[in-house]
Amino acid sequence: MDKDYADAKTVESALREWGEVFAKLSRIDAVFVPGGDPGQTQPKVLMALLEKQTQNLHRYHPKAQMWVSPQSFNQAWLEEFIDILKREQPAWLSGVVFGPRCASACRGYAS
């Protein structure tokens, strides 16, 4: 995981690295990115990265899905994440995963 996905050079490098993996795999049905694992990345930055990575993924696997979880987000980041989902309704995002590291912050949002 990279330290700063707000940095354009880091994003460029990540796109290249993930693309190499996507190209080598004969089949990908879905990619799941735990929100807290890419270096504690703020939701607006994480979602921008994953939108680009979804385009990258679809170059090699057009039907593959992108999933994310808000795990390890504090309350402010969870609210930012939920706001992005409501406001932007990202078509590239296939789903949101609720997991154990989300339980306390996500209480009241899961449905």
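**How the terms are earned in this model**

Mentor: In this predicted model, strand β1 and strand β2, which covers residues 65–69, pair in the parallel sense over five bridges.

Trainee: What makes β1 and β2 count as a pair of strands?

Mentor: Pairing requires at least two bridges between the strands, and β1 and β2 have five bridges, so they count as paired. Within this pairing, the bridge partner of V33 is V68 in β2.

Trainee: Why are β1 and β3 called edge strands?

Mentor: The open sheet has three strands in the order β1-β2-β3, with parallel pairing. Both β1 (30–34) and β3 (95–96) pair on one side only, and they are therefore the edge strands. Helix α2, residues 43–60, packs on this sheet and touches β1 and β2, with its direction making about 160 degrees with that of β2.

Trainee: Why is the pair formed by W18 and F22 called edge-to-face?

Mentor: Ring centres must lie within 6.5 Å to pair, and planes over 60 degrees apart count as edge-to-face. For W18 and F22 the centres are 6.2 Å apart and the planes make 85 degrees, so both conditions are met. These two residues are four apart in helix α1 (residues 8–24), which means that about one helical turn separates them.

Trainee: How do you know whether F73 and W77 are buried or partly exposed?

Mentor: Buried means under 20% relative accessible area, and partly exposed lies between that value and 50%. F73 has 5% relative accessibility, so F73 is buried, whereas W77 has 22% and is therefore partly exposed. F73 and W77 also form an edge-to-face aromatic pair, at 6.0 Å centre to centre and 85 degrees between the planes, and ring pairs link F73, W77 and F81 into a cluster.

Trainee: How do you know that the span of α1 agrees with what is expected for a helix?

Mentor: The expected span is 1.5 Å times one less than the number of residues. For the 17 residues of α1 this gives 24 Å, and the end C-alpha atoms are 25 Å apart, which agrees.

Trainee: Why can we say that the buried residues of α1 line one face of the helix?

Mentor: The buried residues in α1 are T10, V11, A14, W18, G19 and F22. Seen down the axis of α1, they fall within an arc of 165 degrees, and so they line one face. These buried residues pack against β1 and α2, while the face turned away from the buried side carries the exposed residues K9 and K24.

Notes. Residues are numbered from 1 along each chain as its sequence is written. This is a predicted model: local features need pLDDT of at least 70, side-chain atom pairs count only at pLDDT 80 or more; totals for chains, interfaces and linings use all residues. Side-chain values use heavy atoms; hydrogens and water are left out. Contact means heavy atoms within 4.5 Å. Axes are lines fitted to C-alpha atoms, for helices over the stretch in contact, and angles run from 0 to 180 degrees between N-to-C directions. Rings of Phe, Tyr and Trp (its six-membered ring) pair if their centres lie within 6.5 Å; planes under 30 degrees apart count as stacked, over 60 as edge-to-face and the rest as tilted. Buried means under 20% relative accessible area, exposed over 50%, partly exposed in between (1.4 Å probe, protein chains only). The arc is that of the directions from the helix axis to the C-beta atoms.
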